[in-house]
Amino acid sequence: MKKIVFFVPCFASGGAEAFIVNVAENMDRSQFEPMILSIDEQESVYDERLKKASVKRIVLIKEHISNPVKRYLKSYKIFKEYLKENGGEIFAIHFNIAQGEELPFISISKKSGIKIRIMHSHNSSVNSRYKYYGHVVCKKLYANTATHYFACSDLAAAWLVPAKRLNSGDYTIIQNGIDTEKYRFHAEVRSQKRMELGIGDQTLYLNIGRLGNQKNQTFLLKAYAGVSRTNPASVLLIVGEGALRQQLEQEAADLKLTDRVRFLGNRTDIPQLLCAADLFLLPSLYEGLPYTLVEAQNAGLPCIVSDTVSEQCALTDLVQRIPLDVNAYSNAVLHTKTLNAETRDRYPEIIQSKGFDIHMTVKILEKCYHGEN
């Protein structure tokens, strides 16, 4: 049996984690033994699923280190020691990363003799000048240490794949496959969840993502303030946790939206919330190809996203890419029609036809894990 290690810098509740968990749950366990290795961790909505799937997790740094430079330097050292002791048991390491500072881990695994080293880009930018400079330097220094280069979209590939490979097309787009049946729309689920939430006949807008600068919820609140003036019979649900939660709650209060905006934190009932919602809103500053947008389209939800999100995210006719202008975004939300139950139910087949079913994704990856490509 081949041990496959999924590396992610911080294991929390984001898109890279969703990818890892979806793949680990659906791998052929008679041939592969998946495990997850991270620098550190946060509370995750995926913990129970991993426990049920018997997927082992290793965390390199247990204590909190606020200084990112010290944190990375310590994690490089511990990672090197870990591979020295355990590298002989590992057949492949699948590095799910977002920026250049994480590339040295691939270099360490190469020096440690790991046969298959996969660099998988899940993002397309960073939110600070210092991170960007670090990204550029590390991308040049560690450009050719992986054996395989994956990305979730062309934007994500351009961000992290070495220029020579990018120009030659020597990389693979790996679809963020989902369980399409799990995220299928069901009218009875919609009614039950809306009753549970106390929504009634109100229009329900939904945003899912980490509460941080990238996901741009400050902009979302400003746009929704305009929407709510025209459509007061509406509610905005914001699902996720992050460093900006307290600030965002205050911004909602300042905009007099406290009774119309609900911060739900991390949730395990995402399929049900997608059924309950009428529109999905994602005004991110940048994205690779977010899982939530695939899931929302699968559930038949019209999606209003920013035009900074990759065009490849539009797997269906449900996606509108709108400039990050408050008035333009608000108008798009107000003028987008919701869909009836019969129409919403047909989208899983469309998502499958585009190759975004998790079973298709896993088959491609398993060939790589076998060393076949």
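User: Are phenylalanine 6 and tyrosine 369 buried or exposed?
Analyst: In this predicted model, both phenylalanine 6 and tyrosine 369 are buried. The term applies to a residue with under 20% relative accessible area.

User: Why is the contact between phenylalanine 6 and tyrosine 369 called an aromatic pair, and what makes it edge-to-face?
Analyst: The ring centres lie 6.1 Å apart, and rings pair if their centres are within 6.5 Å. The planes make 85 degrees; an angle over 60 counts as edge-to-face, so the pair of phenylalanine 6 and tyrosine 369 is edge-to-face.

User: Why does this pair tie together parts that are 363 residues apart in sequence?
Analyst: Because phenylalanine 6 belongs to strand β1, whereas tyrosine 369 belongs to helix α16. Helix α16 (residues 358-369) lies across β1, β2, β4, β5 and β6, at about 145 degrees to β5.

User: How do you know that strands β5 and β6 pair?
Analyst: Four bridges join β5 (residues 116-121) to β6 (residues 148-151), and at least two are required, so the strands pair. They run parallel. Both belong to an open sheet of seven strands in the order β3-β2-β1-β4-β5-β6-β7.

User: What makes β3 and β7 the edge strands?
Analyst: Strands β3 (56-59) and β7 (172-173) each pair on one side only.

User: Why is lysine 2 said to lie over the face of phenylalanine 91?
Analyst: Lysine 2 is 4.5 Å from the ring centre; the limit is 6 Å, and NZ must also be within 35 degrees of the ring normal. Similarly, the charged end of arginine 71 sits over the ring of tyrosine 72, 5.2 Å from its centre.

Terms used:
Residues numbered from 1 in each chain as written. Predicted model: local features only at pLDDT ≥ 70, side-chain atom pairs only at ≥ 80, totals over all residues. Heavy atoms only, no water. Contact = heavy atoms within 4.5 Å. Axes fitted to C-alpha atoms, helices over the stretch in contact; angles between N-to-C directions. Phe/Tyr/Trp six-rings, centres within 6.5 Å; stacked < 30°, edge-to-face > 60°. Buried < 20%, exposed > 50% of the residue type's maximum accessible area, 1.4 Å probe, protein only.
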